[in-house]
Amino acid sequence: MERLGTGIGWRPEIADVVERMPGIDWVEAVAENLCPGHLPESLLRLRERGVTVVPHGVSLGLGGAERPDAGRLAALAERARVLDSPLVTEHIAFVRAGGPLSASPRLEAGHLLPVPRTRDALDVLCENVRVAQDALPVPLAVENIAALISWPGEEMTEGQFLYELVERTGVRLLIDVANLYTNHVNRGEDPAEALRELPVEAIAYVHVAGGFERDGVWHDSHAHPVPQPVLDILTDLASRVAPPGVLLERDENFPEGAELEDEVEAIRAAVDKGRASGTVPTGPAPAPRGEEDPAVPDAVRQRLALAQTALLSSLVAGTPVPEGFDRARLAVQARALAGKRADVVAKVAPELPVILGAEYRPAFLAYAQGHPMTAGYRRDALEFAGGLLRDGRPRDAVARRELRTWWLERSGPVPRPDRPGARWARATRRVLLRRRAEPGRGTSRTGHTTSRNVKRAWRRRDPLT
């Protein structure tokens, strides 16, 4: 198994810091945020220096009831080839539900949700992993996830579940020690027991990240410093096996470069401590796949689909809580999903918080209660804005005009450069973003005047007028 060394999650916000950091052997980038034909210059420079780049997928939903989408697999494979990556990684999670298997509308979680540790779910996961392995040009490693909730009627521990997954598929593991700690706090699971049961020789690399506790629940935020209990789990893991790679994840609230360097050094020290305190076995590499399991019956996939759809619908659409789940925990998870959804929409459509100011977040959370996401964050942003306009909001006339301009530019065909509305739309967007950068400004005001003909051109495209 290839030695990766010490790495950090590459994010555009800290690209310059990552390039300057000493002792970084490799980086990991979110696959869905990369365009193969237009890779960030920072990643290209890192590649030229010999720094390995691993694409980390978040949208396959390998633990979902349906087989992996061929288009998503092809996109992940393309990123691996373009980056000349030694492997790609994804999660043991489901991220969407509904559709033909459950005869219900499709729903998107916008988040990684846990699969039940049952025989049905394991059979489906194994088949989905094999489908992904066959479609990818490099080895696949799958990550254990953090969870706020537990499924009723589980039949295996996490360690047992992962051990059988590796045994049946030969897949490698990406072990997130922060997620082991999260599941310890939230679900009472012993990280040491999980490590004892894991096939540690199958580990491709390790994630380390921070979080925070609120009301007895640990939130895996990736926006806070790595706490000592997470480093202690890393030390325990390193006493059992020499991990080929260890990586710091940070997605939000980025500190200064020196603080990130200190966290990387703390991770190195935790690994060194584990190696010094334990006898690291030199176990065999994962055995190649043997004879494949028989195809999963449609009835098994359907049972899983119905269960996952009922859970996700409860979380994002307010339907009744499925039997056996902790209602309080599901309420916490539902609030967390809505909050994350608001945050991501604000990133993919940064003009919306500019236009709406302080009204943005409460308005979006109110919208999310009755409008589950069905087609991704960009469509979510459009539907949110369209709903506000249909309700005559925002109340301020100038802000409402700005929001309509934004919505029109994105909801229909892209205006051609020679169309009169195109120039006005571009000018409006420039003013919005310029005003966003002005200190002390909240809701922006364009103050931009247009001719009667330009206004008429936009009204012809506007179903809301």
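A residue counts as buried here when its relative accessible area is under 20%. Keep that cut-off in mind for this predicted model, where a pair of aromatic rings makes a good way in.

Phenylalanine 325 has a relative accessible area of 10%, so it falls on the buried side. Its ring partner, tryptophan 151, is buried too, at 8%. Here are the two side by side:

| Residue | Relative accessible area | Location |
|---|---|---|
| Tryptophan 151 | 8% | loop between strand 7 (140-143) and helix 5 (158-169) |
| Phenylalanine 325 | 10% | loop between helix 10 (298-317) and helix 11 (327-348) |

How many aromatic pairs does the model hold? The count comes to eight. In the pair just tabulated, the ring centres of tryptophan 151 and phenylalanine 325 sit 5.2 Å apart and the planes meet at 65°, so this one is edge-to-face. Both residues lie in loops, and they are 174 residues apart in sequence, so the pair ties together distant stretches of the chain. Elsewhere, ring pairs gather Tyr360, Phe364, Tyr367 and Phe384 into a cluster.

Now for the protein as a whole. Its secondary structure adds up to 17 helices and 12 strands. Of the 465 residues, 53% are buried. Take the contacts between residues at least 6 apart in sequence: 76% of them join residues at least 24 apart. As for the outside, the protein exposes about 20800 Å², with carbon and sulfur atoms supplying 51% of that area.

Terms used
Residues numbered from 1 in each chain as written. Predicted model: local features only at pLDDT ≥ 70, side-chain atom pairs only at ≥ 80, totals over all residues. Heavy atoms only, no water. Phe/Tyr/Trp six-rings, centres within 6.5 Å; stacked < 30°, edge-to-face > 60°. Helix = DSSP H or I, 4+ residues; strand = E, 2+ residues; numbered from the N terminus. Buried < 20%, exposed > 50% of the residue type's maximum accessible area, 1.4 Å probe, protein only. Contact = heavy atoms within 4.5 Å. Areas by Shrake-Rupley, 256 points an atom, 1.4 Å probe, with all protein chains shown as cover.
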